[in-house]
Amino acid sequence: MAPRHGVIVFYDERMLAHFPDTNAEFLPGRLDKRVRSILSGLYIPWKYPEHPGRITAIMDLLAREPIEGVSIEPGKAATMDQLSRVHTKSFLDDIFSLRDQSAWLDVDTTAVSPGSVQAAEVAAGTAIAAVEAVIEGRAGSAFAVVRPPGHHAEPVRARGFCLFNNVAIAAAHAQDVLGCKRVLIVDWDAHHGNGTQDIFWADPNVLFFDIHRAAPFYPGTGALTDVGAGRGEGTTVNVPMPGGACDIAYLKAMREILVPAADYFQPDLVLVSAGFDAHWFDLALNVSYEGFAAMTGVVQQIANKHCHGRLAMILEGGYNIESLSRGVHSVLKVLAGATPDEPKMCGLEEVEAAITFHKGAFDANGPEQ
Ligand SMILES: [Zn+2]
């Protein structure tokens, strides 16, 4: 195993200014009417689920329970050149025209508030900062605590609470500027990373591995048979899972599909689209803190084996504040050097202890006379 170095967490308060509020004045038009008619039909009042409290909760927990070897650095804003490696100029011009306004971007309720465009620039730039830190060797690994998330954003479309595709922008920067030839992106967010898949669909130099809850779960993409196209055929790997899938299934997929794929591909940088909505508190899947820790161990071993431990994680989803912050914390502990425990099937250990406890209580010959 390669020697471990420190972990840098990148965080920037400018990302808190992305805060769509339906009570504000939104740009009028057809999309506004459509979204408001959808919201008015809901049984419970709608609140933007991807809110600033997500990342403050992560940083608050890290302040309350600091981890030895983990330091915090500020992020930075991405430039137009950096963003335009994965998004079209017309898309970026349209998003930039929304500075200081409130507007819907998609019927799925993706929206911008007056601070959102800058927040999105900082999210993408902070993902780049994390990659630079590991390539420069300033950190053994890095974690970009960012929002808005990125993996649903397509070259020409914002959706799924994502404006710019942060992980794709970081991967493209690593290839264009930092000398990386082959980048592995592991996406373990509960939702399929349709945007990232789209961007690198025909690219043989980015291996995209995505384990997610299967369609019709949002966004409905990521079928097993979607493997990329053209020169990129084979460098997209999808593992759709049923609702409620657990740690053991996740780890088996990573060890028996991702690890051999990485051995074949030989990445010189490993990125993780690290969402935490596969935790059972978010009600879609059944991954635990131990599961996230063990999955971190797997990607860390891949990075150690192929690329001197160069590993950067970029935050994606995770909407329950407790499991999001605790999940990130369990990942950071492993990045900083803790050895993860092997997750067990939930409840099995307790049942085995109960079997031992009750052994002999019920004699096969019936009650004693
Ligand atoms: Zn998600």
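**A colleague's note on helix α8 and some backbone details**

1. Proline 216 sits in the loop between β7 and β8. Since this is a predicted model, I would like to begin with that loop, and with its peptide bonds in particular. The bond joining alanine 215 and proline 216 is cis, with omega at about 10°. Proline 219 is also found in the loop between β7 and β8, and the peptide bond leading to it from tyrosine 218 is cis too, with omega near 0°.

2. Now to helix α8, residues 247–265. Does its end-to-end distance agree or disagree with its number of residues? At 1.5 Å a residue, the 19 residues of α8 should span 27 Å, and the end C-alpha atoms are 25 Å apart, so the two agree. There is nevertheless a kink of about 30° at leucine 258, and proline 260 follows shortly after it in α8.

3. Which residues of α8 are buried? They are Asp247, Tyr250, Ala253, Met254, Leu258, Ala262 and Phe265. Leucine 258 therefore appears twice in this account, as the place of the kink and among the buried residues of α8. The spacing along the helix is worth a look on screen: an α-helix has 3.6 residues a turn, so residues three or four places apart point the same way.

4. The cover over these buried residues includes three strands, β6 (183–187), β7 (206–213) and β8 (236–241), together with helix α9 (289–307). At the other side of the story, just after α8, glutamine 266 takes a positive phi of about 55°.

5. How do α8 and α9 lie relative to each other, and within what distance do their axes come? The axes come within 10 Å and cross at roughly 10°. That angle makes α8 roughly parallel to α9. On the α8 side the contact is made by Asp247, Tyr250, Leu251, Met254, Arg255, Val259 and Ala262; α9 brings Glu290, Gly291, Ala294, Met295, Val298, Ile302 and His306. By type, the residues of this contact divide into 9 nonpolar, 2 polar and 3 charged. Asp247, Tyr250, Met254 and Ala262 are among the α8 residues in this contact, and these four are also among the buried residues of the helix.

6. Two residues elsewhere have a positive phi although neither is a glycine. For threonine 109 the value is about 80°, and its place is in the loop between β3 (103–104) and β4 (111–112). Threonine 109 has 19 other C-beta atoms within 10 Å and so counts as partly exposed; the cut-off for buried is 20 or more. For leucine 283 phi is about 65°. Leucine 283 belongs to the loop between β9 (269–274) and α9, and with 13 other C-beta atoms within 10 Å it is partly exposed as well.

7. Is phenylalanine 26, in the loop between β1 (7–11) and α1 (30–40), buried or exposed? It counts as buried, because 20 C-beta neighbours lie inside 10 Å. Leaving aside residues up to four places away in sequence, phenylalanine 26 touches Asp32, Ser102, Ala103 and Trp104. Lysine 47 is 21 residues from phenylalanine 26 along the chain, with 15 Å between their C-alpha atoms.

8. Lastly, glycine 366 lies in the segment after α11 (348–358). With 7 C-beta neighbours inside 10 Å, glycine 366 counts as exposed. Its C-alpha atom is separated by 56 Å from that of isoleucine 58, 308 residues apart along the chain.

Definitions and conventions: Residues numbered from 1 in each chain as written. Predicted model: local features only at pLDDT ≥ 70, side-chain atom pairs only at ≥ 80, totals over all residues. Expected span 1.5 Å × (residues − 1). Bend = angle between axes of the 7 residues up to and from the residue. Buried ≥ 20, exposed ≤ 12 C-beta atoms within 10 Å, placed from the backbone. Contact = placed C-beta atoms within 7 Å. Axes fitted to C-alpha atoms, helices over the stretch in contact; angles between N-to-C directions. Parallel < 35°, antiparallel > 145°, perpendicular 65-115°, else oblique. Nonpolar A, V, L, I, M, F, W, Y, C, P; charged D, E, K, R; others polar.
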